[in-house]
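User: I would like to go through the reasoning behind the structural labels in this entry. Please set each value against its criterion.

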Amino acid sequence: MSHTRSPDAGASAAGTALPDGLSGLPNGLGWLVADRHLAVRLLTGDRLGVLEPGPVMADLAARLPGQARPLAQELTSFAERIMLQAGPARHAELRKAFGGFFDADAVKAVTPFMGSAAEQVVRPFAGAGGGEFMTAVAFPYAVRVGARLVGVTDDDYRRLHKLSQQVALVAYAARLKDPEEAVRAGHAALARIRETLAAARPAAPPGSVLGEWNAGAIGNLCDADIEANAVMLVQASLETVAGMLGNAAVRILGTPGALADPGRRDALLDDALREEPPLKTLERVVREPFTVDGHEFRRGQVVSVRVADANRLDDDPVAGRALFSFGWGAYRCLGARLARIQALELFGALHRAAPDAALAGEEVERVRHIRFAMPRRLRVVCPPPRTDRDGLTRALCEALDEHDADRPLTSLEREVALVVLAERGMAGPEDPRELTTIGEWVRWATSEHG
Ligand code: HEM
């Protein structure tokens with residue numbers, strides 16, 4: 001893409017001072033926005049557009065030998081179908097077709113799955129006394145929920161994610177020594193993406209993207225449109241979600257008493273999203289020239305909005321408490337509602353499994369990444385739950401509708417007792433027949449066994 005070189009930071013083209021919060025990007029690529037007021041002014045309306053792949057890929061194709069050009073063409077056609085890379089009219093059509101996966105009803109329908117996925121991920125973590133939160137909890141949970149949404153296995157989701165990163169790298173191929181090699185690698189990755197999706201489709205559950213694709217229920221889009229956006233959803237739902245979980249965990253597990261309090265969990269999640277947005281910047285391109293406070297934005301210039309700065313409320317009372325962490329305007333994140341509930345389900349499950357979970361006290365290592373902000377390693381300790389005999393007795397009596405703690409339980413009632421223990425983060429006996437009465441279950445669970 002050809003971008004006009006911006007003048008040095010600190011002065012506009014006309015030699016006047018730059019608007020507050022605006023500075024030049026390195027290498028004269030365009031402008032960096034680090035101010036809430038200016039971010040709202042620039043991102044509202046359609047003076048700025050998303051980075052469409054057409055110009056970059058045309059530039060790349062011009063550097064390729066003839067036989068590699070059809071491969072670049074196929075990659076371009078795939079990239080142009082991705083909603084976040086499409087111009088306004090096409091974008092609206094694609095977004096509308098996928099909107100049904102993210103409305104309130106759809107999120108409500110998937111919430112029980114998120115709850116049980118959260119339990120499955122945190123229970124072994126808690127049982128092991130804790131560990132490294134990002135690799136043991138945040139990423140596996142993001143994978144499980146993302147995979148369910150798309151309608152693929154966890155392994156396929158991970159594979160699709162890796163392959164889609166290889167395809168995305170083609171956008172930088174023109175800068176490489178051997179652009180043809182990068183195009184061939186990207187094209188091979190696209191072919192494997194297509195094979196993976198084709199193999200996964202027949203088994204995809206109803207309600208998932210691939211399941212609804214099978215049922216012909218995704219708007220009037222053609223197969224190529226659905227395919228490209230299914231892959232985009234894989235890309236959109238991994239690092240963002242894992243980052244949100246890691247950043248929120250730092251606050252929730254680092255604040256005494258917060259894990260036990262749903263209101264504080266929610267508020268600290270909000271703080272984390274505001275102050276440490278998982279996606280650090282919003283990238284836009286000037287579609288038509290315009291001026292702001294006498295400063296000219298020229299066609300083709302990149303405008304990069306720093307989300308954490310745009311989120312800051314202290315200096316500029318604009319747009320209420322609105323968050324930029326999920327984007328702004330027509331391209332705002334479709335998964336925002338889902339992602340928040342996903343996080344709340346996780347910390348709820350962690351509280352049940354490990355009510356005393358806390359940061360291990362080591363300094364939090366953070367990733368060094370141009371786009372994502374999250375912990376690299378986050379050690380968490382999960383001390384065994386403090387035993388509460390009376391509470392457990394009450395929970396068992398209620399669940400079994402039985403007030404005699406000495407009555408022998410039936411085999412079905414013992415299964416219920418196992419579930420009650422599991423809900424409190426306690427492991428049950430290997431053979432539930434060993435324990436006959438409610439009293440025995442309580443003694444067993446509150447001894448060192450449970
Ligand atoms: C905490 C987690 C998440 C964060 C921080 C996040 C952030 C964002 C941001 C900032 C954008 C706008 C990018 C731009 O304007 O350049 C965006 C767009 C998008 N996100 Fe998310 N996202 C998250 C989770 C998800 C999830 C879980 C999904 C889906 C499964 C998702 C799907 C999308 C889609 C489809 C778009 C494009 C919308 C459009 O083009 O109209 N996101 N996201």
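Analyst: This is a predicted model. One open sheet has three strands in the order β4-β12-β9, with antiparallel pairing. Its edge strands are β4 (130–132) and β9 (358–359), each of which pairs on one side only.

User: How do you know that β4 and β12 pair?

Analyst: Pairing requires at least two bridges between two strands. Three bridges join β4 to β12 (residues 379–381) in the antiparallel sense, so the criterion of at least two is met. Glu132, for example, has Arg379 in β12 as its bridge partner.

User: What makes β1 and β3 the edge strands of the other sheet?

Analyst: That open sheet consists of five strands in the order β1-β2-β8-β5-β3, and the pairing is mixed. β1 (22–24) and β3 (48–49) are its edge strands, since each pairs on one side only.

User: Which pairings illustrate the term mixed?

Analyst: Strands of a sheet pair through backbone hydrogen bonds, either parallel or antiparallel. In this sheet, β1 and β2 are antiparallel, with three bridges, whereas β2 (residues 30–33) and β8 (residues 302–306) run parallel, with four bridges. Both counts satisfy the minimum of two, so both are pairings.

User: Which residues stand opposite one another in these pairings?

Analyst: Between β1 and β2, the bridge partner of Ser23 is Leu32. Towards β8, Gly30 stands opposite Val302, and Trp31 stands opposite Val303. β1 and β2 also form a hairpin with five residues between them. In its turn, Asn27 has a positive phi of about 60°.

User: Why is Gly327 called partly exposed?

Analyst: Gly327 has 18 other C-beta atoms within 10 Å. A buried residue needs 20 or more and an exposed one has 12 or fewer, so a count in between is called partly exposed. Gly327 therefore receives that label.

User: Where does Gly327 lie, and which residues does it contact?

Analyst: Gly327 lies in the loop between α13 (307–311) and α14 (336–353). Neighbours within four places in sequence aside, Gly327 contacts Leu282, Arg332 and Cys333. A contact requires C-beta atoms within 7 Å. The C-alpha atoms of Gly327 and Asp35 are separated by 15 Å, and the two residues are 292 apart along the chain.

User: Why is α10 described as largely enclosed by the rest of the structure?

Analyst: Of the 14 residues of α10, 10 are buried, so the helix is largely enclosed by the rest of the structure. Among the buried residues are Asp225, Ile226, Glu227, Val231 and Leu233. For the protein, buried residues make up 38% of the 450 residues.

User: How do you know that the span of α10 is close to the expected value?

Analyst: Helix α10 (residues 223–236) has 14 residues and reaches 20 Å from its first C-alpha to its last. The expected span is 1.5 Å times one less than the number of residues. For α10 this expectation is 20 Å, to which the span is close.

User: What describes the protein overall?

Analyst: Its secondary structure comes to 17 helices and 12 strands. The C-alpha trace spans about 85 × 50 × 40 Å along its principal axes. Of the contacts with a separation of 6 or more, 68% are between residues 24 or more positions apart.

Key
Residues are numbered from 1 along each chain as its sequence is written. This is a predicted model: local features need pLDDT of at least 70, side-chain atom pairs count only at pLDDT 80 or more; totals for chains, interfaces and linings use all residues. Two residues are in contact if their C-beta atoms, placed from the backbone, lie within 7 Å.
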